[in-house]
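Work through the exercises below with the sequence and the model side by side. Try each task before reading its solution.

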Amino acid sequence: MKNQKTLRQGSKQRGASMILVLIVLAMAALCGLIGIKVYPIYFEHWQLQSVVKSFEEEPELSTLGLSEIKRRFSTRMQTNNIRDIDFREAVSITEQDAVLSIVVEYESRVNVYKNMDAVIVFDETTEIDL
């Protein structure tokens with residue numbers, strides 16, 4: 001009698017339904033698709049951050065003029081293969097009271113699927129003592 005009872009309980013227990021498995025797979029695929037689409041935008045931003053960091057470590061920065069700093073920044077962006085960010089629109093470099101201020105402010109939009117877009121906004125300010 002005890003053996004039949006355990007067999008009946010075993011037949012009632014089931015795993016995840018097919019619909020639940022499909023929903024989980026669809027959500028994982030959507031997250032993967034968004035990750036694949038958004039990663040290049042973040043990678044390019046990390047490249048831009050490395051350009052800004054290179055100015056923090058430059059010893060002769062105080063002897064350079066503002067126009068030379070802007071030219072070097074633009075050149076380093078090209079060297080690091082930063083193509084989708086326009087230097088004139090995204091980067092503002094100013095000098096005031098022996099402090100160099102580099103403001104990086106832009107947004108990137110990428111089409112994820114049909115009419116779904118992802119918009120990523122970057123807004124960072126770095127100040128370097130001269």
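**Exercises on a predicted model**

Arg76 is partly exposed, because its relative accessible area is 23%; the classes are buried for under 20% relative accessible area, exposed for over 50%, and partly exposed in between, with a 1.4 Å probe and protein chains only. The model is predicted, so local features need pLDDT of at least 70 and side-chain atom pairs count only at pLDDT 80 or more, while totals for chains, interfaces and linings use all residues. Residues are numbered from 1 along each chain as its sequence is written, and side-chain values use heavy atoms, with hydrogens and water left out.

**Exercise 1. List the elements of the protein chain in order.**

Step 1. Elements are DSSP runs numbered from the N terminus: helices are H or I with at least four residues, strands are E with at least two.

Step 2. The protein chain holds four helices and three strands.

Step 3. Read from the N terminus, the order is α-α-α-α-β-β-β.

Step 4. For the whole protein chain of 130 residues, 25% count as buried.

**Exercise 2. Describe the sheet: which strands pair, and in what sense?**

Step 1. Two strands count as paired if DSSP finds at least two bridges between them. Strands of a sheet pair through backbone hydrogen bonds, either parallel or antiparallel.

Step 2. The three strands make an open sheet with the order S1-S2-S3 and antiparallel pairing.

Step 3. Strand S1 (91–96) and strand S3 (116–129) are at the edges with a single partner strand each, so one side of each has no neighbour in the sheet.

Step 4. On average, neighbouring strands are turned by 10 degrees against each other, direction ignored. Axes are lines fitted to C-alpha atoms, for helices over the stretch in contact, and angles between N-to-C directions run from 0 to 180 degrees.

Step 5. S1 and S2 are joined by six bridges, and Ser92 stands opposite Val103 in S2. The hairpin of S1 and S2 has two residues between the strands, and Asp97 there takes a positive phi near 55 degrees.

Step 6. Strand S2 (residues 99–113) pairs with S3 over 14 bridges. Ser108 has Ile120 in S3 as its bridge partner, and Val110 stands opposite Ala118 in S3. This hairpin of S2 and S3 also has two residues between the strands, with Lys114 at a positive phi near 50 degrees.

**Exercise 3. Follow helix H2: what is its span, where does it bend, and which residues are buried?**

Step 1. The expected span of a helix is 1.5 Å times one less than its number of residues. H2 has 39 residues, so it should span 57 Å; its end C-alpha atoms are 55 Å apart, which agrees.

Step 2. At Val38, H2 bends by about 35 degrees, and Pro40 follows within four residues. The bend is the angle between axes fitted to the seven residues ending at a residue and the seven starting there.

Step 3. Helix H2 (residues 18–56) lies across S2 and S3 and runs at about 165 degrees to S2. Helix H3 (residues 66–79) packs on the sheet too, where it touches S1 and S2, and its direction makes about 150 degrees with that of S1.

Step 4. Buried residues of H2 include Val38, Glu44, His45 and Phe55. Their cover includes H3, S2 and S3, where contact means heavy atoms within 4.5 Å.

**Exercise 4. Find the salt bridges and say what they connect.**

Step 1. A salt bridge needs a side-chain nitrogen of Lys or Arg within 4 Å of a carboxyl oxygen of Asp or Glu. By this rule there are six salt bridges.

Step 2. Glu58 and Arg76 form one of them, at 2.6 Å from N to O. Glu58 lies in the loop between H2 and H3 and Arg76 in helix H3, so the pair ties together parts 18 residues apart in sequence. Glu58 is buried because its relative accessibility is 14%.

Step 3. Arg71 and Glu68 form another, with their closest N and O atoms 2.6 Å apart. The two are three residues apart in helix H3, so about one helical turn separates them. Arg71 is partly exposed at 47%.

Step 4. Arg109 pairs with Asp117, the closest N and O atoms being 3.6 Å apart. Arg109 is exposed, with a relative accessible area of 56%, whereas Asp117 is partly exposed at 40%.

Step 5. Salt bridges with shared partners join Glu58, Glu60, Glu68, Arg71, Arg72 and Arg76 into one network.
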